[in-house]
Amino acid sequence: MANFITSALMFATLVVPSAVKEAKFFAPTRAADIGSGSQTLRLLNVEDYIYEKDPEDEGAAKNLVHQFEDYARDLGYTNVKVSYATTDTPESMFNELKISADNFDLICPSDYMIQKLIVNNMLEPMNIDAEHMPNYFQNASSIKDRLDAISAVNATTKQECFLKDYAVGYMWGTLGILFDPTYGGRDAEKTIEDMQKWDVLWDPDYKGISSIKDSVRDTYAIGLLHAYDKEFTALIDSYNKGEITAEKYNEEFSELFNSCDDATLEKVRKSLSKLKGNVFGMEVDSGKQDIVTGKIGINFAWSGDAVYSMEQAETEKELELYYSIPNTGSNLWMDAWCMPKSSQRSEAQKELAELFLDFLSIPEITAQNMDYTGYTPFTGGNEILDLTREWYDIRYDEETETFDDAIPTTDEIAEKGLQKVDLSYFFAGTITDENGVLLTGEDEKAACTFYTDCYLSNATTDAEGNITGGNRAVGRAFFCQFPDENTLARCAVMRDFGTQNEAVLKMWEKFKTDTLPVWAIVLFVVEISLFVAFGLYHFVGKRVKYKLRKKRKEEANKK
Amino acid sequence: MKSNKGSRFQLFKRKNLCIPYGIFLVLFIIVPILIIVFYAFTDDNGVLSFSALTGFFTNPSKLNVLITSVFIALQTTLLCLLIGYPLAYFLADKKVNKNAVFITLFIAPMWINFVLRTGATRDLLTWMGINGGNAPYFATLIGMVQNYLPFVILPLYTTMLKLDKSQLEAAADLGANPVQVFFKSVVPQSIPGIVSACTMTFMPTMSSYVISDTLSEGKITLFGNYIYLDFANNLWHDGSFMALIMLVIIGISMFVTRNSGKEEKEGGAAW
């Protein structure tokens with residue numbers, strides 16, 4: 001971890017330039033008539049969410065969009081140009097599309113926004129299949145299945161549409177609590193213990209040191225998890241006892257996690273009002289820096305931001321931050337590319353867009369993105385595996401830049417406190433040997449297993465390093481980027497609020513606009529009455545004086 | 001010869017010189033206002049609708065935010081006057097403020113972008129132990145006063161420079177004590193400055209967005225924040241209606257200001 005950035009840069013310079021050529025293996029088939037004339041691919045993404053060249057680093061690979069232009073040229077397209085625009089939130093993407101649907105070929109919103117776009121009949125289905133996107137299908141992790149399963153009913157055609165026809169996964173992650181365990185002289189052991197529950201944000205012991213998100217969906221989620229803590233706890237307990245299966249658990253969790261009827265809204269609003277008095281503040285992007293500078297000690301964070309903060313804290317202040325996905329569960333979010341409906345888009349442009357999405361899933365390219373953004377991609381592959389090993393596996397030797405795939409001895413595991421992390425849910429089916437043959441069985445399992453000293457903190461392990469108990473919720477950057485299957489089971493996708501959207505917003509507005517505190521009301525009333533009194537005195541008094549003077553004058557005249 | 005000369009400068013006739021601004025006015029002020037009005041009174045299908053209007057007056061959170069905004073704006077204006085008025089009075093004294101160095105010092109913060117300045121204020125206040133976490137109102141007011149103080153000092157300073165000194169002397173000669181001189185002669189003479197200082201502070205504070213958001217850590221929502229919230233959530237009609245309310249309040253305050261200016265028969269408001 002110490003040489004995180006250096007090694008990451010090295011990787012980018014060494015591996016990446018050769019990427020584009022090798023990737024030709026999986027070049028998708030294309031129609032014969034495309035490739036003539038110039039074409040522009042118009043993308044809309046959120047900021048800082050794609051690999052861009054560091055201008056000070058001469059040897060680094062080109063901006064990812066320029067690499068795509070080269071890639072398309074090598075495939076016989078002449079003169080492909082990419083125009084790349086950014087915005088800040090999925091909501092503003094929706095706004096942009098409302099203003100003009102014909103401006104973009106591909107946009108990259110979050111799961112719930114894709115649902116909303118489908119409901120509003122604003123998305124075009126794409127050819128998302130192994131023929132058109134071989135790299136995506138070859139390298140996809142099991143997270144893709146969770147994206148594909150999301151559906152929404154198009155309000156115009158009344159058809160249920162699944163995201164598998166509309167969206168190509170890009171990045172995913174969780175929501176959690178990023179914290180500094182020793183903040184304000186606290187006991188690290190106790191803090192780590194406390195942070196395994198969402199209730200900690202409401203805990204007066206941590207008053208005024210945490211920040212939450214100034215965005216309705218994320219903060220709604222924690223309000224819900226707090227308001228129904230009893231139900232969520234009962235659910236996870238029965239899962240832990242083995243009374244219900246992982247699927248059943250996740251189904252029920254997801255159902256509860258997505259409740260947004262009026263009674264629930266009121267309950268959530270009440271729990272959020274209490275939260276407001278206990279937190280330092282609400283932010284959308286200052287928090288990831290504030291926790292590094294020490295303004296706050298706890299930040300309700302997106303996993304990618306958490307990785308960024310951990311890295312910054314470590315390099316700037318030698319401070320170890322931790323990330324918790326509390327035991328009662330959290331939100332699993334996914335960002336995916338989709339195509340806005342447009343009457344002006346030609347078939348050729350559509351194919352170009354699909355080619356781009358496939359290009360993003362070439363492991364070398366994905367690795368650049370993962371390295372640059374700190375977020376976790378949808379697709380695996382050898383390069384992603386190598387990068388992950390380089391960052392987190394203790395068997396990677398930073399000096400010689402080699403990886404020793406021997407399994408550590410039990411002595412070594414005990415001595416270094418190593419944990420064995422199995423990420424086959426992510427990498428299975430995407431790893432090949434040096435001859436390009438897919439690994440299977442035991443070989444694959446070995447390749448997807450990592451030995452690390454920085455996954456979960458305070459967890460108990462057996463002699464082989466398997467995590468057997470103790471803390472399952474709090475970990476470091478590795479856990480943040482690649483939560484284990486156990487953790488993913490207790491994360492659910494938060495669906496679009498649908499018809500309740502307006503009610504949720506109303507609730508949020510109510511939460512955001514407090515009535516004035518008592519002292520302010522008193523002050524306000526006093527000031528206003530002073531003004532009125534002064535005004536009366538000024539105008540009425542003047543008139544009275546004027547009348548008096550007039551009277552006196554008249555009297556004087558009479559005399 | 002004469003007529004030739006005239007035609008050569010035809011382009012620079014007074015009337016024509018207004019054309020660039022005229023175009024600007026239409027494109028960036030009139031048309032946007034019309035768009036706001038259009039959105040404020042239509043629904044998603046572009047049909048005439050008063051739902052935004054009824055929504056505004058029946059939604060307690062919107063009325064709440066209006067009250068909070070007026071409160072913050074009033075406090076800011078009063079505090080700015082309280083600090084700025086004596087200051088302007090002293091600065092207008094040529095003996096104190098030789099070569100106008102001091103006044104430059106006081107308005108210098110205006111030259112730095114206020115977003116940057118607010119960010120720095122946030123760090124400073126947090127270091128001092130005042131932050132959105134423990135005192136959101138106090139932190140916001142400090143930021144507001146810091147930001148709008150120059151807008152109060154400058155118009156007051158220009159009116160103070162024009163104070164009729166002989167009137168003050170006459171008052172003193174006729175037996176008024178210094179306090180009476182101040183309240184009976186200085187204050188009435190500086191009313192135009194006070195009025196323009198108030199308009200320069202009150203309305204911008206109500207609609208300000210960054211300062212309250214940054215310094216109260218998102219805990220205080222002002223009118224400007226609320227409009228942004230509506231637009232960010234695709235509620236264009238509600239947002240437009242609130243913007244319209246803002247425009248109406250500005251209109252009213254301009255009207256009041258102009259009338260009080262007439263009353264004083266003094267065009268001394270430099271701002």
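**Exercise 1. Work out how much area domain 1 and domain 2 of chain B bury between them, and what that contact is made of.**

Start with the total: domain 1 of chain B and domain 2 of chain B bury about 710 Å² between them, buried area being the accessible area (1.4 Å probe) that two parts lose on being put together, summed over both. Of that, 76% sits on carbon and sulfur atoms. On the domain 1 side, I36(B), Y39(B) and A40(B) lose the most area to domain 2, together 62% of what that side buries.

Before going on, a word on ground rules. This is a predicted model, where local features need pLDDT of at least 70 and side-chain atom pairs count only at pLDDT 80 or more, while totals for chains, interfaces and linings use all residues. Residues are numbered from 1 along each chain as its sequence is written, chains are lettered from A and ligands numbered from 1 in the order in which they are written, and side-chain values use heavy atoms, with hydrogens and water left out.

Next, the bounds: domain 1 of chain B covers 17-49 and domain 2 covers 60-264, as set by an automatic or database domain assignment. Their centres, taken over C-alpha atoms, lie 29 Å apart.

Now count residues. With contact meaning heavy atoms within 4.5 Å, 9 residues of domain 1 of chain B touch 7 residues of domain 2.

Last, the polar side of things. There are 0 salt bridges between the two domains (side-chain nitrogen of Lys or Arg within 4 Å of a carboxyl oxygen of Asp or Glu).

**Exercise 2. Describe the fold and extent of chain B.**

Go through the secondary structure: chain B has 14 helices and 0 strands, counting DSSP runs (helices H or I, at least four residues; strands E, at least two), numbered from the N terminus.

Then look at the extent. The C-alpha atoms of chain B fill a box of roughly 75 × 70 × 35 Å along the principal axes.

**Exercise 3. Characterise the interface of chain A and chain B.**

First the area: the two chains bury about 2900 Å² between them, 58% of it on carbon and sulfur atoms. F280(A), E509(A) and T513(A) supply 20% of the area that chain A buries against chain B, more than any other three residues.

Then the contacts: 33 residues of chain A meet 33 residues of chain B.

Now the charges. Side chains of opposite charge can pair when their charged atoms come close. Across this interface the rule finds 2 salt bridges. The side chains of K295(A) and D123(B) meet in a salt bridge at 2.4 Å, N to O.

Finally, where does chain A's side come from? Elements that each supply at least two residues are α4 (90-99), β9 (281-283), α23 (501-512) and α24 (518-558) of chain A.

**Exercise 4. Find a salt bridge inside chain A and place its partners.**

Take the whole structure first: it holds 25 salt bridges over all chains. In chain A, K213(A) forms a salt bridge with E283(A), with the closest N and O atoms 2.8 Å apart. To place them, put K213(A) in strand β8 (residues 210-213) and E283(A) in strand β9 of chain A. The pair links distant parts of the chain, 70 residues apart.
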